[in-house]
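Subject: The structure we talked about

Hi,

Here is the structure I promised you. Have a look at it first, then read on for what I found.

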Amino acid sequence: MRVIAKRTLKQFWESSPKYTDSQAPLEAWHAEAIKASWCTPQEIKAQFRSASILKNNRVVFNIAGNKYRLIVSIDYIRQACFVKFVGTHQQYDQIDAENYDGYSPNKN
């Protein structure tokens, strides 16, 4: 599975000293994802039991014991995984996970 883009994950853990503890779990998720060849949501659930399958081919992964959330959109045919959101559980609760596109008009 191609992950687009690891840069987004890196930007998150580098964005604040309080998020540096997310680096190792996000890198571990990335390492697993790039080795995967998921063809169905059920295959993701088999590998990541705590993952939540949403509409629009989206999946929410719990990172670092559910301290952080990662939303990806998956194109099973092209074997591509697009990072849409990475943030704290509290930040996740403030967005629409099924439609969030990673861009915010309030972003600087």
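Let's start with a small puzzle: in the hairpin of β3 and β4, which residue takes a positive phi? It is A64, with a phi near 55°, and the hairpin has four residues between its strands. Before going further, keep in mind that this is a predicted model. The mean pLDDT of the protein is 92, and 94% of its residues reach 70 or more. Do be careful with residues 103-108, though: pLDDT stays under 50 there, and the model has one contact beyond four places in sequence for that stretch.

Now for the sheet. Five strands make up an open sheet with mixed pairing, and their order is β1-β5-β4-β3-β2. At the edges stand β1 (2-4) and β2 (52-53), each with a single partner strand, so one side of each has no neighbour in the sheet. As background, strands of a sheet pair through backbone hydrogen bonds, in either a parallel or an antiparallel way.

Strand β3 covers residues 58-63 and pairs with β4 in the antiparallel sense over six bridges. If you want to trace that pairing yourself, find I63 and look across to Y68, its bridge partner in β4. Another such pair is N62 with R69. On the β2 side, two bridges join β2 to β3, and these strands run antiparallel too. There, S52 stands opposite V60 of β3. β2 and β3 also form a hairpin with four residues between them, and N56 in that turn has a positive phi of about 60°. Five of the six residues of β3 are buried, so this strand is largely enclosed by the rest of the structure.

My favourite residue here is R69, which lies in strand β4 (residues 68-75). Which side chain of opposite charge is nearest to R69? That would be D93, but it is 5.4 Å away, and R69 is buried without a salt bridge. The cut-off for a salt bridge is 4 Å, so D93 doesn't qualify. What does the side chain of R69 make polar contacts with? One partner is the side chain of N62, at 2.8 Å, and another is the side chain of H89, at 3.3 Å. So N62 turns up twice: as the bridge partner of R69 and in a polar contact with its side chain. Leaving aside residues up to four places away in sequence, R69 touches several others, including V60, F61, F85 and Y92.

Salt bridges do occur elsewhere, and the structure holds four of them. Side chains of opposite charge can pair when their charged atoms come close. Here are three to look up:

- E14 and K10: their closest N and O atoms are 4.0 Å apart. They are four residues apart in helix α1 (residues 6-15), about one helical turn. E14 is exposed, with a relative accessible area of 54%, while K10 is partly exposed at 40%.
- E32 and K35: this salt bridge is 3.9 Å, N to O. Both residues lie in helix α2 (residues 23-35), three residues apart, again about one turn. E32 is partly exposed at 33%, and K35 is exposed at 63%.
- D75 and R78: their side chains meet at 2.8 Å, N to O. R78 counts as exposed, with 60% relative accessibility.

Have fun exploring!

Cheers

Technical notes: Residues numbered from 1 in each chain as written. Predicted model: local features only at pLDDT ≥ 70, side-chain atom pairs only at ≥ 80, totals over all residues. Heavy atoms only, no water. Buried < 20%, exposed > 50% of the residue type's maximum accessible area, 1.4 Å probe, protein only. Lys, Arg positive; Asp, Glu negative; His and termini not counted. Polar contact = N/O pair within 3.5 Å; in protein donor to acceptor, adjacent residues only side chain to side chain. Contact = heavy atoms within 4.5 Å. pLDDT = per-residue confidence, 0-100. Pairing = 2+ DSSP bridges.
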